[in-house]
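Student: I have a structure to go through, and I would like to know the reasoning behind each label. Could we take it one step at a time?

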Amino acid sequence: MFESVLIANRGEIAVRVARTCREMGIRSIAVYSTADRDSAVVRIADDAVHIGPAPGRRSYLSPPAIVEAARLAGAEAVHPGYGFLSEDPDFAEICAANDLTFIGPPPDVMARLADKARTRALMAAAGLPILPGTTHAVETPAEARETADRIGLPVIIKAVAGGGGRGVRVVRDAGELTTGYLESRAAAQALFGDSRVYLERFLESARHVEVQVLADTHGGVIHLGERDCSVQRRHQKLIEESPAPGLPDELLDRIRTAAVTGARAAGYVGAGTFEFLVGRENDFHLMEVNCRLQVEHPVTEMVTGVDLVREQILIAAGERMTLRQEDVRLDGVAIECRVNAEDPARDFLPTPGVVTTFLPPGGQFVRVDTHGYAGYRVPPDYDSLLAKVIAWAPDREQAMARMRRALGEFGIEGQGVRTTAPYLRDLIDHPLFRTAKHDTGLIS
């Protein structure tokens, strides 16, 4: 087992990883940019190393800075969290070259699954259902038009190197296809440094259901149930829950089995997520595979009792999973709401500033993952996620009531600082969400 782990991330996920390290008796080493010198993880971790100025490319996205920090602190392994370098196979190789264990899938597996078009081809060959589209990058506007003619409108254009819903574009009118294709390529280049894009049929009014998998280096592969992530705004998730409500058990069993089949086909190792779209006829299609811990992983932890970060660390250390599929029990319902420092009244404009009051909710079966505190300055340099509120209950009705109460208790104030907590509370009360009849189109 590792004696020390460097956390190559920031915000609430850095705090969350540090806590599991502490419980496992592992020395945790935080890294921080100049903008994050007063961050919570700097106080919580056993050690902290400054890695550069605020811009991510010069700190959290800089492999030389991360590796040098690990070397200085004597780290044996690196936990990448999510975002930043978490799905970068080159970074995983750099870690290996510097005698650091990357806590995640092997670089070749990440490289294979990072190419979303290739992933579609690989998973289709393994028998997983995929939406009509291309299994290679679309090279020209003419090819984009030919593809749209073949599979029908609307289509969704995605970055081959993308993920997380960023930079995707839906085209409903043939006249907008060329412009959409060119703009998508430009966005892909800006976001991911790779302009290649692919097309697939856009499924209207679908449910977004994803399956958490764990796989070790000894051939063990299991799933830990699924999460419903259908409440999204501009393809960014706002509310997640487990298990997925309102869907037949037989369908969910098939989706879970497909994820395990896909993980075996990819030679997956570590914690990963297979994301699917479920259509109105309960047909389901693979969207993508995420080679990292998900933001929404706490709802899985709440219904299974499994610490996913702990499992990641054990697997990276080469240990055999002690969990068997028959050991996994899904108990009750967990709902997560992402509280962002944004102003819904101003089109969700980020609201950086100093938090003067920070009173997180508590009470029975409420978990808050956050890096916020009174006096914390929300920097303008990074994403606006300030906290995740997770509520568990024996059934969905009680979980919603508990979440509504928790969001109402959350006291966050500061000059210019607004949050999405009141907006999320309204979403919990939305009739379609309450009756589990919502889909990805709930927020227009």
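Tutor: Happily! Keep in mind that this is a predicted model. A good place to begin is α13, which gives three residues, the largest share, to the lining of the second largest pocket.

Student: How much space lies in the second largest pocket, and which residues are closest to its centre?

Tutor: The volume is about 160 Å³. There are 13 lining residues, and those closest to the centre are Phe410, Ile412, Thr419, Ala421 and Pro422. Two or more lining residues come from each of α12 (396–409), β21 (411–414) and α13 (421–428).

Student: And the cavities: how many are there of 30 Å³ or more?

Tutor: The count is two. The largest cavity has a volume of about 50 Å³. Its lining is made of Arg10, His371, Tyr376, Val378, Pro379, Asp383, Ser384, Leu385 and Leu386.

Student: What makes a cavity a cavity rather than a pocket?

Tutor: The probe fits in a cavity but cannot get out, whereas a pocket is an open set of points.

Student: Let's turn to the cysteines. How do you know that Cys229 has no disulfide bond to Cys337?

Tutor: A disulfide needs two cysteine sulfur atoms within 2.5 Å. For Cys229, the closest cysteine sulfur is that of Cys337, and it lies 12 Å away, so the pair is too far apart for a bond. Seen from Cys337, the closest cysteine sulfur is in Cys229, again at 12 Å and too far. The structure as a whole holds zero disulfides.

Student: Are these two cysteines buried or exposed?

Tutor: Buried means under 20% relative accessible area. Cys229 has 0%, so it is buried. Cys337 also has 0%, so the label buried applies there too.

Student: Why is Ser28 called buried?

Tutor: Its relative accessibility is 1%, and therefore Ser28 counts as buried. Ser28 sits in strand β2 (residues 27–33). Beyond its neighbours within four places in sequence, Ser28 is in contact with Val5, Ile7, Ala18, Cys21, Ala45, Asp46 and Asp47.

Student: Then why is Glu319 called partly exposed?

Tutor: Partly exposed covers the range between the 20% and 50% cut-offs. Glu319 has 36% relative accessibility, so it counts as partly exposed. You will find Glu319 in the loop between α11 (308–316) and β14 (333–340).

Student: Which residues does Glu319 touch, leaving out those up to four places away in sequence?

Tutor: Glu319 touches Met1, Asp216, His218 and Leu314. Glu319 and Thr217 are 102 residues apart in sequence, yet their C-alpha atoms are 7.8 Å apart in space.

Student: Now α8. How does its reach set against the span expected at 1.5 Å a residue?

Tutor: Helix α8 (residues 177–192) has 16 residues and spans 21 Å from first C-alpha to last, close to the expected 22 Å. Within α8, the buried residues are Leu177, Gly180, Tyr181, Ser184 and Ala188.

Student: How do you know that they are on the same side of α8?

Tutor: They cover an arc of only 100° around the axis, so they are on the same side of α8. The elements that cover the buried residues of α8 include α7 (141–151), β6 (155–159), β7 (169–171) and β8 (197–201).

Student: What comes just after α8?

Tutor: Gly193 does, and it takes a positive phi of about 70°.

Conventions:
Residues are numbered from 1 along each chain as its sequence is written. This is a predicted model: local features need pLDDT of at least 70, side-chain atom pairs count only at pLDDT 80 or more; totals for chains, interfaces and linings use all residues. Side-chain values use heavy atoms; hydrogens and water are left out. Helices (H or I, at least four residues) and strands (E, at least two) are DSSP runs, numbered from the N terminus. The expected span of a helix is 1.5 Å times one less than its number of residues. Buried means under 20% relative accessible area, exposed over 50%, partly exposed in between (1.4 Å probe, protein chains only). The arc is that of the directions from the helix axis to the C-beta atoms. Contact means heavy atoms within 4.5 Å. On a 1 Å grid over the protein atoms alone, a cavity is a set of points where a 1.4 Å probe fits but cannot get out, and a pocket is an open set with protein on both sides within 12 Å along at least five of seven lines; lining residues have an atom within 4 Å of a point. Grid points are joined across faces, edges and corners, and a volume is the space filled by probe spheres set on the points.
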